[in-house]
Amino acid sequence: MSGFTLSAFLNFAVYVVVCCILQVEGRHVKRACKNSEIDIMSSTGAKIEPWTLSRIQLPRLSKTFSSDGHKLTFEFKTTSQSGLLFYGTMRNRRASKLIVLQLVRGKLFYNTRCPSADSGLLLPTTYRLDDGKWHTVEFRREGRKGYIILDNQPYFKSYPVTCKLTSFVFGGLEPVDAATVLPLLLTSTHFDGCIRNLSLNIDHGLAPRYYAVSICS
């Protein structure tokens with residue numbers, strides 16, 4: 001292995017061990033896990049790794065997430081105190097409308113940037129969420145309101161949320177969204193942990209896309 005250092009080997013392994021190459025565009029390599037047991041929409045779930053590429057995307061919903069009764073539910077577990085759990089956006093020229101949920105020092109922080117209002121709200125839980133146990137999150141729309149339910153407890157039910165969303169990203173950041181999402185983040189751009197049992201009560205259109213993730217244990 002002359003000329004091939006341990007550092008170079010580890011950097012190479014980070015990119016190839018859990019995902020296969022789907023396509024190469026110029027100098028940019030897109031990777032995703034394909035034909036594996038990884039399934040964020042089942043109890044198997046997916047492990048978001050602490051790597052720049054690691055994320056899961058619902059690229060384009062077949063119906064806009066904006067109406068009364070629309071809801072998104074998932075479970076997560078982590079031992080990291082901070083990280084980006086998910087964000088939703090209107091997928092067009094830029095991510096101008098945003099809903100962001102992030103872990104900040106073991107608590108959930110809920111951001112909105114919508115025509116009705118911009119907000120930054122800390123969920124006032126009496127316990128931390130970086131305990132390595134499974135926790136359930138639901139984002140629900142009721143009329144012009146949008147709120148979070150954490151472990152069956154609703155928060156901010158009276159808060160107006162008028163964003164229309166067509167795409168969700170879990171555990172990481174799409175490079176194209178960086179300029180608009182980063183100003184809302186109080187923490188790392190990545191979530192280091194597991195997500196499972198993702199569910200939407202509307203047709204989510206294209207299948208989830210997995211980038212540099214592994215099977216959740």
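1. Let's start in the middle of the fold. The largest nonpolar core of this predicted model has 39 residues. Phe74, Phe168 and Phe170 have the most contacts inside this core. Apart from it there is another core of 10 residues, and Tyr87, Leu173, Ala178 and Leu184 are among its members. It may help to colour the two groups separately on your screen before reading on.

2. Phe74 is a good residue to click on next. It sits in strand β5, which covers residues 71-78. Is Phe74 buried or exposed? Its relative accessibility is 0%, and because buried means under 20%, Phe74 counts as buried. Setting aside neighbours within four places in sequence, its contacts are Leu85, Phe86, His135, Thr136, Val137, Phe170, Ile195, Arg196, Asn197 and Leu198. Take Thr136 from that list: 62 residues separate it from Phe74 in sequence, yet the C-alpha atoms of the two are 5.9 Å apart in space.

3. Phe170 is another of the core residues with the most contacts. Once neighbours within four places in sequence are left out, Phe170 touches Ile40, Ile48, Arg55, Ile56, Leu58, Leu72, Phe74, Leu85, Phe86, Ile195 and Leu198. Do look for Phe74 in that list, since Phe170 also appears among the contacts of Phe74.

4. Now zoom out to the whole protein. How many helices and strands does the protein have? There are two helices and 16 strands. Of the 217 residues, 49% are buried. Among contacts with a separation of 6 or more, 68% join residues that are 24 or more positions apart. The accessible surface is about 10,700 Å², and carbon and sulfur atoms account for 52% of this area.

5. One open sheet contains Phe74's strand. Its seven strands follow the order β12-β11-β10-β5-β14-β3-β16, and they pair in antiparallel fashion. Why do β12 (153-155) and β16 (213-214) count as the edges? Each has a single partner strand, so one side of each has no neighbour in the sheet. At the β16 end, two bridges connect this strand to β3 (residues 46-48), and the two run antiparallel. Within this pair, Ile48 is found opposite Val213 of β16.

6. A further open sheet is also built from seven strands, in the order β9-β8-β7-β6-β13-β4-β15, again with antiparallel pairing. Here β9 (118-122) and β15 (209-211) are the edge strands, each pairing on one side only. On average, neighbouring strands of this sheet are turned by 10° against each other, direction ignored. Inside the sheet, four bridges link β6 (residues 83-89) with β13 (residues 167-170), and these strands run antiparallel. One pair to find is Gly88 and its bridge partner Phe168 in β13; Phe168 will be familiar from the largest nonpolar core.

7. Gln57 deserves a look too. This residue is in strand β4 (residues 55-58). Gln57 has 7% relative accessibility and therefore counts as buried. Beyond neighbours within four places in sequence, Gln57 contacts Arg91, Ser167, Phe168, Val169, Glu174, Ala207, Pro208, Arg209 and Tyr211.

8. Two backbone angles are worth checking. Asn197, in strand β14 (residues 193-200), has a phi near 50°, a positive value in a residue other than glycine. Ala212 lies in the loop between β15 and β16, and its phi is near 55°, also positive in a residue that is not glycine. What about their surroundings? Asn197 has a relative accessible area of 27%, so it is partly exposed. Ala212, with a relative accessible area of 7%, is buried.

9. Finally, a word on confidence. The average pLDDT of the protein is 78, and 78% of the residues score at least 70. Which strand has the lowest confidence, and which the highest? Strand β1 (residues 20-25) is lowest with a mean of 32, while β3 is highest at 95. Over residues 1-33, the pLDDT is below 50, and this stretch has 40 contacts in the model beyond near neighbours in sequence. Where pLDDT is low, predicted coordinates should not be read in detail. Please keep that caution in mind as you explore.

Note on methods: Residues are numbered from 1 along each chain as its sequence is written. This is a predicted model: local features need pLDDT of at least 70, side-chain atom pairs count only at pLDDT 80 or more; totals for chains, interfaces and linings use all residues. Side-chain values use heavy atoms; hydrogens and water are left out. Buried means under 20% relative accessible area, exposed over 50%, partly exposed in between (1.4 Å probe, protein chains only). Contact means heavy atoms within 4.5 Å. Two strands pair if DSSP finds at least two bridges between them. A nonpolar core is a set of buried Ala, Val, Leu, Ile, Met, Phe, Trp, Tyr and Cys residues joined through side-chain atoms within 4.5 Å. Accessible areas come from the Shrake-Rupley method with a 1.4 Å probe; for residues, only the protein chains shown count as cover. Axes are lines fitted to C-alpha atoms, for helices over the stretch in contact, and angles run from 0 to 180 degrees between N-to-C directions. pLDDT is the predictor's confidence in each residue, from 0 to 100.
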